[in-house]
Amino acid sequence: MTSSEDHVPGHTCQVFAADDIYVIHGVNAGDGLGTPDMVCEGDIYALSDAAAPMRLVLSHGANGETIARGSQVGTPGEQTKLSARYTLMASDGTMLDLLFLQLDSGPSVALPLSPMGGDLDYTLVAIEDDPEPVPLADLVCVSFASGTMISLADGRLCPIENLHPGDRVLTRDHGPQPVRWLGKATLRGVGSFAPVVITAGTLGNLGDLIVSPHHRIFLYQRNRRPGMETAEILIQAKHLIDDDKIFQRQGGFVDYFSIVFDHHEIIYAEGVPVESLMVNDATVRHLPAEIAAEVRQHFPGLAQSQHFGTEASRQMLDYVGRDALLGRPKRKDG
């Protein structure tokens, strides 16, 4: 991977002013989100109706991450500090990780790792004080863990770490397609970086399928179900977690690999159809800086379109029914 800072682009993410996320019920009623010594577990937060996301642009160099040109927050060259990591439970039951960042100039901002809606309430359920520094560009990763077996065009299976550009991989829609690029990032497997393990056989997979939480699994329904725009469904691995056959594995380090083709493809990992990395500005800006630099260098247009299909949320999964969506037989009483 390239190590030249000249090729490392600014990383862009959306943040909110910390005061825009405020307590609507609890000990600190009326107060905005603060440092760990100022917040209380159990307080219920909401996003202000007047809140507007701001663009935070960072550059990554030898001295860590600093504010880059074009940022709506801070001044170029200013240092950022990750002061806390909060876990909140939304009123719909989903979990949200949120980073609390402080700038040298004083203002504090909140970076949600998943979309945060103004129509939900959020209960603070966990506080991580002084978390281990992590490059913000590592926050969202669509990748496979090392050892994942990928189906090649000739039917053979190959560990993803042994693939090379030019190798032909079987895709669902376009037959054999050459790998254009393969990236690797080693991340600490904790919190939202912890991989999701889909145990062997759960989705018909040959072995355990281990992917990053945001990686989307392709599901095909013979009959389009109510609420689904199409019979083809893409659902993030984290939404499939049932803490039984599908769970998030915490601890240690994970070697994550991302694979890119000429188009956004559905490929087969452990025999299960899953997505490749989609190359466009919205996805690449969330990759680790060194991976993003290489992707931008190899794919300057950054214009891949998402594979056609319904993007399924956790709420949709709960509404339709997990067993029905995953093709499991209905449980019999008694």
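Here are four short exercises on a predicted model of a protein, each with a worked solution.

**Exercise 1: the overall picture**

Work out how many helices and strands the protein has, and what share of its residues is buried.

*Solution.* Start with the secondary structure: you should find four helices and 24 strands. Next, turn to burial. The chain runs to 334 residues, and 50% of them count as buried. Then look at the surface, where the protein exposes about 15,600 Å², with carbon and sulfur atoms supplying 48% of that area. Finish with the contacts: taking those with a separation of 6 or more, 63% link residues 24 or more positions apart.

**Exercise 2: a buried acid**

Find out which side chain makes a polar contact with Glu 265, and which side chain of opposite charge is nearest.

*Solution.* First, place the residue. Glu 265 sits in the loop between strand E21 (253-260) and strand E22 (266-269). Now hunt for a charge partner: Glu 265 is buried but has no salt bridge, and the nearest oppositely charged side chain, Arg 172, is 9.3 Å away. A salt bridge would need a distance within 4 Å. So what does the side chain of Glu 265 pair with? The side chain of His 174 does the job, through a polar contact of 2.9 Å. Last, list the surroundings. Setting aside neighbours within four places in sequence, Glu 265 is in contact with Thr 171, His 174, Gln 177, Val 274, Glu 275 and Ser 276.

**Exercise 3: two positive phi angles**

Asp 243 and Glu 270 each have a positive phi without being a glycine. Decide for each one: buried or exposed?

*Solution.* A bit of background first: most residues other than glycine have a negative phi. Take Asp 243, with a phi of about 60 degrees. Asp 243 belongs to the loop between strand E19 (232-236) and strand E20 (246-248). Its relative accessible area is 66%, so Asp 243 is exposed. Now for Glu 270, where phi is about 55 degrees. Glu 270 falls in the loop between E22 and strand E23 (272-275). Here the relative accessibility is 7%, so Glu 270 counts as buried.

**Exercise 4: a nonpolar patch**

Identify which residues make the nonpolar surface patch of about 250 Å².

*Solution.* The patch is made by Met 89, Met 95 and Val 125. Zoom in on Met 95, which lies in strand E7 (residues 95-103). Why is Met 95 classed as partly exposed? Its relative accessibility is 48%, and the partly exposed class lies between the buried limit of under 20% and the exposed limit of over 50%.

Key. Residues are numbered from 1 along each chain as its sequence is written. This is a predicted model: local features need pLDDT of at least 70, side-chain atom pairs count only at pLDDT 80 or more; totals for chains, interfaces and linings use all residues. Side-chain values use heavy atoms; hydrogens and water are left out. Patches are made of residues with over 30% relative accessible area and no salt bridge: like charges are joined within 9 Å, nonpolar side chains (Val, Leu, Ile, Met, Phe, Trp, Tyr) within 5 Å. Accessible areas come from the Shrake-Rupley method with a 1.4 Å probe; for residues, only the protein chains shown count as cover. Helices (H or I, at least four residues) and strands (E, at least two) are DSSP runs, numbered from the N terminus. Buried means under 20% relative accessible area, exposed over 50%, partly exposed in between (1.4 Å probe, protein chains only). Lys and Arg count as positive and Asp and Glu as negative; His and the chain ends are not counted. A polar contact is a pair of N or O atoms within 3.5 Å; within protein, one must be able to donate a hydrogen and the other to accept it, and residues adjacent in sequence count only if both atoms are side-chain atoms. Contact means heavy atoms within 4.5 Å.
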